[in-house]
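Colleague: I am new to this structure and would be grateful for a close look at a single part of it. Which residues surround the ligand, and how is the rest of the chain arranged?

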Amino acid sequence: MSIELFINPRFEQAKPYGAAEKAILSVAAGEEALKTIAQWPGYKPTPLRTLDALAKETGVSAIHYKDEDARFVLKSFKALGGAYAVEKLVRENGGKPLTVTCATDGNHGRAVAWGAQRAGCKAVIFIHEGVSEGRAEAIRSFGAEVRREGKHYDDSVRRAADVAAENNWQIVSDTSWPGYQDVPKSVMQGYALLAAESLAQGSAPTHVFVQGGVGGLAAGVLSWFWEKQGAQRPKTIVVEPDRAACLLASAKVGQLKNAEGDLETIMAGLACGEASQIAWDILEHGAEAFMAIPDDAAADTMRKLASYGIVGGESGVAGLAGFRIAAADPAMRAALGIDTASRILAIGTEGDTDPVVYEQIVGEPGETVRKRRSA
Ligand SMILES: Cc1ncc(COP(=O)(O)O)c(C=O)c1O
């Protein structure tokens with residue numbers, strides 16, 4: 001498939017953020033999430049970095065990059081979702097510890113394991129064949145048991161659900177399916193903090209480029225802008241790997257559809273073949289466009305950010321990579337209304353969450369890159 005931009009025919013700029021959307025994600029529930037997360041030790045908003053040189057190079061007014069490399073000890077935005085959902089479940093269970101489980105490409109499982117450890121819960125995390133041993137080890141480092149089962153993320157999702165049903169464990173999934181929505185709503189609600197923090201830090205975007213796995217992140221971010229700013233909200237462009245573009249595939253037919261690709265991508269966190277229904281319910285009329293990008297675009301953007309002293313992981317840079325492609329293509333620029341007055345927000349969702357892979361792609365370790373920024 002390689003590069004593709006699809007303008008969403010179901011996008012409705014003037015559609016109010018109504019009761020159906022608020023039943024999934026709302027500013028009120030987001031403020032509650034923020035109140036909870038702000039009390040966690042070590043919480044502070046992650047940096048909103050200003051990329052002036054890149055703005056000049058790409059012919060826009062400003063680019064802000066929300067840098068989740070600095071999110072707690074996890075180096076990814078996923079801390080806001082999985083760990084928050086675990087805490088909420090324990091609270092709803094009267095404070096009694098639970099056994100929690102989930103499937104993961106790496107980052108979500110790490111967040112659930114971290115949240116479980118803090119809440120005194122046991123965690124059993126399912127990974128698939130493609131998840132690196134480094135990512136598995138990072139999950140174990142928070143005391144979780146890791147089980148490797150299934151070829152792809154979607155297989156692990158089903159496996160976790162079956163084992164949870166057999167053992168009466170609580171599933172803390174970042175994706176939803178019929179009859180299972182409450183926990184994924186909490187996960188996505190935590191993600192909305194990225195938009196809340198960015199706005200509070202002074203970003204006033206005309207365009208938000210955000211990457212999609214199952215769609216929860218994009219929906220969480222979009223929901224906040226949509227409810228707060230209505231028809232004045234920025235355009236949301238959802239960027240996926242060309243071999244795992246389930247949201248783009250869904251946008252083309254107007255309902256959930258599996259990705260056509262083989263899910264083989266360096267963007268491990270985005271290697272999802274099936275989108276989340278409740279995320280899609282927000283994106284269907286709220287997202288302006290969907291993009292598919294190849295792996296080399298992500299790798300190139302990792303190196304570009306490294307040259308500024310910013311550590312962005314393979315999945316973390318996908319939104320910015322999509323923007324760079326669109327900005328360089330006159331037809332895409334026109335289709336998205338990108339011009340010299342545009343203010344871009346790219347959600348940089350992870351740092352070097354797999355340090356070995358990061359170093360292979362960038363040619364130096366994250367530590368060296370970070371030092372360059374502070375030098
Ligand atoms: C670093 C990173 N960015 C983005 C995403 C996409 O989030 P979602 O699956 O909610 O669309 C993921 C998902 O695992 C991720 O790990």
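Modeller: The term domain, as used below, refers to bounds that come from an automatic or database domain assignment. Please also note that this is a predicted model.

On that basis, the protein is assigned two domains: domain 1 covers 4–76 + 187–374, and domain 2 covers 78–179. The shell around the ligand takes at least three residues from each of these two domains. In total, 21 residues surround the ligand, and the closest are G213, G216, G269, T349 and E350. Two helices, α5 (107–119) and α10 (216–229), each contribute at least two residues to this shell. The greatest contribution comes from α10, which provides three residues. By class, the shell around the ligand consists of five nonpolar, twelve polar and four charged residues.

Since both domains supply residues to the shell, the relation between the domains deserves attention next. The C-alpha centres of domain 1 and domain 2 are 23 Å apart. Where the domains touch, 30 residues of domain 1 are in contact with 26 residues of domain 2. On the side of domain 1 that touches domain 2, at least two residues come from each of α2 (27–37), α8 (182–191), α12 (277–286) and α16 (355–362). Of that side, α8 provides the largest share, with four residues. The same side of domain 1 is made up of 17 nonpolar, nine polar and four charged residues.

The sheets complete the setting. One is an open sheet of seven strands with mixed pairing, in the order β1-β10-β9-β8-β11-β3-β2. Its edge strands, β1 (4–7) and β2 (48–50), each pair on one side only. On average, and with direction ignored, neighbouring strands of this sheet are turned by 20° against each other. At one edge, β2 pairs with β3 (residues 62–67) in the antiparallel sense over three bridges, and L48 has K66 in β3 as its bridge partner. Helix α9 (residues 193–200) lies across β2, β3 and β11 (343–348) and runs at about 130° to β3.

The other sheet to describe is also open, with four strands in the order β6-β5-β4-β7 and parallel pairing. Its edge strands are β6 (145–148) and β7 (170–171), each of which pairs on one side only. Strand β4 (residues 99–104) joins β7 in the parallel sense over two bridges, and T101 stands opposite I171 in β7.

One helix pair remains. Two packed helices are described by the angle between their axes and the distance between the axes. For α13 (residues 295–307) and α14 (residues 318–327), the axes come within 9 Å and cross at roughly 100°. Angles of 65 to 115 degrees count as roughly perpendicular, and α13 and α14 are therefore roughly perpendicular to each other. In this contact, A297, A298 and T301 of α13 meet A318, L320, A321, R324 and I325 of α14. The residues of the contact comprise six nonpolar, one polar and one charged.

To return to your request, the shell around the ligand draws on both domain 1 and domain 2, and α10 is the element that gives the most to this shell.

Technical notes:
Residues are numbered from 1 along each chain as its sequence is written. This is a predicted model: local features need pLDDT of at least 70, side-chain atom pairs count only at pLDDT 80 or more; totals for chains, interfaces and linings use all residues. Two strands pair if DSSP finds at least two bridges between them. Two residues are in contact if their C-beta atoms, placed from the backbone, lie within 7 Å. Ala, Val, Leu, Ile, Met, Phe, Trp, Tyr, Cys and Pro count as nonpolar, Asp, Glu, Lys and Arg as charged, and the others, Gly among them, as polar. A residue is near a molecule or strand if its C-beta atom, placed from the backbone, lies within 6 Å of it. Axes are lines fitted to C-alpha atoms, for helices over the stretch in contact, and angles run from 0 to 180 degrees between N-to-C directions. Angles under 35 degrees count as roughly parallel, over 145 as roughly antiparallel, 65 to 115 as roughly perpendicular and the rest as oblique.
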